[in-house]
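Thank you all for coming; I would like to spend a few minutes on one protein chain and how its parts pack together. Please have a look at the sequence and the model before I go on.

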Amino acid sequence: MVTPAAKRDAVAAAREAHGVSERRACRVLGIDRMSVRYCHRRDDDALVRTRLRALAAERRRFGYRRLGLLLKREGLVLNHKKLRRLYAEERLQVRRRGGRKRALGTRAPLALPAAVNQRWSLDFVSDTLVDGRRFRILCVVDDFSRECLGLIADTSLSGRRVARELDAIAAIRGYPATVLSDNGTELTSIAVLTWSQDRAVGWHYIAPGKPQQNAFVESFNGKLRDECLNETLFTSIRHARLVLALWRRDYNEVRPHSALGGRPPASLSLPSCSPASRPLRAAYGGGLRPALTQAARDGDKFAGRDGETALNQTEKHRHDGRDGNRGLYF
């Protein structure tokens, strides 16, 4: 008998079996009467439990720490131990997905950029539609702010398409100093190399078979797959683009990021002196239109204002000023 509940049960059993008083049963068993007669006055925290269940149902892959940050934003501040107890009592634990083998040994830490737009990371993620067709997603992440700059989905993404999408993103927030990627055929193509030279953007390739050297976008890919791709059945490419645009906006503006102290990535805005700061704020103020630039590929007339997307505008501006040089424009 260690717990108070076990002691109360023992006293109750002794009184029922031998017909003795509570005082005598406690004296024989060596139990303090205050422990037997204690009635807890703890609040059931119905409001917190209800809100915690609602957030967990909405964000099924969030643990108790990240849910606690969302509760704190709503004014419900809890001790981390109490939050974990309520989280466990409501049986909201996130089930771990199947793991994979990881490399062992020492690793050099990836240097963190000192400002926004110093380095972008690129990578591809693949998924399938409900009819079995596969499509790919180009993920572009700013390594300093952890902001997702683009989620471009299509059945085929060539090097020329990658260059056009990077130009569309740069039209909103400016060009980066460096781009980091793996050695995929799309990212080592002549189109991408030409784009890098013409825009004076350094392009760094990681060592083959070393995805950990591109850790920022690989970490983002895990969140994207865990919280969005694995939770959604996509009926078409257009549906996938819409869902990805909504998730990207939520990731940038709402979702707390642990590496940023619980703040969303959009809270690390560009400096006011940056020439790209005003277009960035305007893009966020305009809603989801900047995230749907790839919709121009399948002729979505509702993608953007007056049926025109940021990608259309970028291509028109670039093609108008090509000065007759057809070889460097895609």
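How many helices and strands does the protein chain have? There are 12 helices and 5 strands in the chain, and I should say at once that we are looking at a predicted model. Of the 330 residues in the protein chain, 43% count as buried. If we take the contacts between residues at least 6 apart in sequence, 60% of them join residues at least 24 apart.

Let me begin with the nonpolar cores. In soluble globular proteins, nonpolar side chains tend to be buried together. Here the largest nonpolar core has 21 residues, and the ones with the most contacts inside it are F135, I137, C139, L151, F220, L224 and L244. Two or more residues of this core come from each of strand 2, at 134–142, strand 3, at 148–154, helix 9 and helix 10. Helix 10 is the element that gives the most to the core, with 6 residues. Apart from this core lies another one, of 18 residues, which includes F124, L138, V192 and W195.

If we single out L244, which residues does it touch, leaving aside those up to four places away in sequence? L244 touches I137, L151, A153, L224, C228 and L229.

That brings me to the two helices that I have just named together. The axis of helix 9, residues 215–227, comes within 12 Å of the axis of helix 10, residues 237–253, and the two cross at roughly 120°. With that angle, helix 9 is oblique to helix 10, and the crossing in which helix 9 passes helix 10 is right-handed. On the helix 9 side the contact is made by F220, K223, L224 and E227, and on the helix 10 side by L244, W247 and Y251. Sorted by class, the residues of this contact are 5 nonpolar and 2 charged, with no polar ones. F220, L224 and L244, which take part in this contact, are also among the residues with the most contacts inside the largest core.

A second pair of helices gives another geometry to look at. Helix 7, residues 159–173, and helix 8, residues 190–198, pack at an angle of about 30° with their axes 7 Å apart. The angle falls under the 35 degrees that serves as the cut-off, and helix 7 and helix 8 are therefore roughly parallel to each other. Helix 7 makes the contact through G159, R160, V162, A163, L166 and D167, while helix 8 contributes A191, V192 and W195. This contact of helix 7 with helix 8 has 6 nonpolar, 1 polar and 2 charged residues. V192 and W195 of helix 8 are also among the residues of the 18-residue core.

The third pair lies earlier in the chain. The axes of helix 4 and helix 5 come within 10 Å and cross at roughly 120°, so helix 4 and helix 5 are oblique to each other. Helix 4 passes helix 5 in a right-handed crossing, and the residues in contact are R51, L52, L55 and A56 of helix 4 with L67, L70 and L71 of helix 5. By class these divide into 6 nonpolar, no polar and 1 charged.

Which residues of helix 5, residues 64–73, are buried? They are Y64, R66, L67, G68, L70 and L71, and the buried residues of helix 5 pack against helix 4, at 46–58, and helix 6, at 80–89. Just after helix 5, G75 takes a positive phi of about 90°. N79 is found in the loop between helix 5 and helix 6, where it is partly exposed at a relative accessible area of 42%. The C-alpha atoms of N79 and G68 are separated by 9.2 Å, with the two residues 11 apart along the chain.

I will finish with the backbone. Most residues other than glycine have a negative phi. R146, although not a glycine, has a positive phi of about 65°. R146 is found in the loop between strand 2 and strand 3 and is buried, with a relative accessible area of 16%. A200, likewise a residue other than glycine, has a positive phi near 60°. A200 lies in the loop between helix 8 and strand 5, at 202–205, and at 68% relative accessibility A200 counts as exposed.

Notes: Residues are numbered from 1 along each chain as its sequence is written. This is a predicted model: local features need pLDDT of at least 70, side-chain atom pairs count only at pLDDT 80 or more; totals for chains, interfaces and linings use all residues. Side-chain values use heavy atoms; hydrogens and water are left out. Axes are lines fitted to C-alpha atoms, for helices over the stretch in contact, and angles run from 0 to 180 degrees between N-to-C directions. Helices (H or I, at least four residues) and strands (E, at least two) are DSSP runs, numbered from the N terminus. Angles under 35 degrees count as roughly parallel, over 145 as roughly antiparallel, 65 to 115 as roughly perpendicular and the rest as oblique. A crossing is left-handed if the near helix is turned anticlockwise from the far one by less than a right angle, and right-handed if clockwise. Contact means heavy atoms within 4.5 Å. Ala, Val, Leu, Ile, Met, Phe, Trp, Tyr, Cys and Pro count as nonpolar, Asp, Glu, Lys and Arg as charged, and the others, Gly among them, as polar. A nonpolar core is a set of buried Ala, Val, Leu, Ile, Met, Phe, Trp, Tyr and Cys residues joined through side-chain atoms within 4.5 Å. Buried means under 20% relative accessible area, exposed over 50%, partly exposed in between (1.4 Å probe, protein chains only).
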